[in-house]
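Biologist: I am new to this kind of work. Could you take me through the structure and show how its features are read?

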Amino acid sequence: MRALVIDDSRVMRTVLGRELRALGYEVHEAGDGQQAIEALESMETPPELATVDWNMPVMDGLSFVQTVRKRPEWRNLTLMMVTTESEHDQLVRALAAGAHEYLIKPFPPESFRDKLALLGLLPRSVA
Amino acid sequence: MSLHLDSGIAHLEAALLGDDVVTSIATDVWDCFLGTGTELPLLPAFEPITLEAGHYLAMIAITGAWTGQVVLELAVPAAERAARLMLAVPDESQPVRDADVADAVGELVNMIGGNLKGLVPAPSALSLPLVLRGDVAASSGRTVLTADVSFSWADDPVRISVWEATPSSE
């Protein structure tokens with residue numbers, strides 16, 4: 001399985017990437033929504049999962065989700081917001097735009113795995 | 001009458017962003033992201049702390065129905081330890097780039113600020129974090145200090161303060 005980790009913080013990309021690699025994912029990274037769009041366009045097939053930060057320069061996470069959902073070739077890409085935005089309204093906006101799950105930072109590693117399990121994206125060897 | 005109501009709401013908001021709430025959020029952030037559990041807990045400091053010149057200072061602004069800023073200050077060894085833990089570089093002989101230390105400190109204040117933002121009246125927006133080093137004042141202009149918590153993390157000082165902008169400063 002493949003994942004695209006989108007966050008402007010290299011440290012946070014490392015943290016999430018480490019979790020995903022431990023689960024057997026091949027991990028790609030992008031520092032903002034625009035870089036993520038370019039990364040997706042360069043891939044022959046999109047990854048199964050993208051984790052998406054909300055507050056990023058150039059293109060924020062919500063705009064990224066809206067852009068992805070306009071592209072039918074990426075319809076199978078599962079989008080998980082991983083963000084500090086903890087307000088109910090923000091969660092609703094993200095889900096309405098097409099995100100599948102929402103995880104608020106900080107979170108213990110098991111919460112991240114639980115969300116992946118809910119999405120059916122926990123590899124069988126781990127589940 | 002409305003003055004009394006406004007004053008009451010302002011006091012309530014200040015209480016929501018008080019020391020106890022900041023302590024709870026900071027402890028969660030440390031436990032979850034610095035992965036140290038009980039080994040290196042973030043402990044309240046019961047004596048005044050001193051942050052030496054050159055320490056890391058990260059700030060993030062909340063603007064909207066409530067406007068102010070959240071400031072995180074860490075001694076240099078604490079900031080470097082945070083980066084090592086988040087990047088999983090335990091070997092202290094292996095250098096950590098200054099940019100990664102600043103990035104780690106920025107992410108910590110981002111998580112603290114984001115969770116505090118969820119407690120203030122909506123709508124409000126969170127800025128991107130700004131990280132500085134040196135002898136920098138935590139806040140300036142017309143602000144009111146609503147929370148100021150000092151911690152000790154493996155004997156290194158950490159301070160978190162919340163500054164609410166007064167109406168004339170917005």
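Modeller: Start with residue classes: Ala, Val, Leu, Ile, Met, Phe, Trp, Tyr, Cys and Pro count as nonpolar, Asp, Glu, Lys and Arg as charged, and the others, Gly among them, as polar. Keep in mind that this is a predicted model.

Biologist: How many nonpolar, polar and charged residues does the lining of the second largest pocket have?

Modeller: Rolling a probe the size of a water molecule over the atoms shows where empty space is left. Here, the second largest pocket holds about 210 Å³ of space. Among its 12 lining residues, Val15(A), Arg18(A), Glu19(A), Cys32(B) and Phe33(B) are the closest to the centre. By class, the lining has eight nonpolar, one polar and three charged residues. H1(A) contributes the most, with four residues.

Biologist: Which parts does the salt bridge between Lys105(A) and Asp7(A) tie together?

Modeller: A salt bridge needs a Lys or Arg side-chain nitrogen within 4 Å of a carboxyl oxygen of Asp or Glu. Lys105(A) and Asp7(A) meet at 3.4 Å, N to O. Lys105(A) is in the loop between strand S5 and helix H5 of chain A, and Asp7(A) in the loop between strand S1 and H1 of chain A, so the pair joins parts 98 residues apart in sequence. Both residues are buried. They also belong to a network of salt bridges with Asp53(A) and Glu107(B).

Biologist: Is Asp156(B) buried or exposed?

Modeller: Buried means under 20% relative accessible area. Asp156(B) has 14%, so Asp156(B) counts as buried. Its salt bridge partner is Arg81(B), with the closest N and O atoms 2.4 Å apart. Arg81(B) is also buried, at 18%.

Notes: Residues are numbered from 1 along each chain as its sequence is written. Chains are lettered from A and ligands numbered from 1 in the order in which they are written. This is a predicted model: local features need pLDDT of at least 70, side-chain atom pairs count only at pLDDT 80 or more; totals for chains, interfaces and linings use all residues. Side-chain values use heavy atoms; hydrogens and water are left out. On a 1 Å grid over the protein atoms alone, a cavity is a set of points where a 1.4 Å probe fits but cannot get out, and a pocket is an open set with protein on both sides within 12 Å along at least five of seven lines; lining residues have an atom within 4 Å of a point. Grid points are joined across faces, edges and corners, and a volume is the space filled by probe spheres set on the points. Helices (H or I, at least four residues) and strands (E, at least two) are DSSP runs, numbered from the N terminus. Buried means under 20% relative accessible area, exposed over 50%, partly exposed in between (1.4 Å probe, protein chains only).
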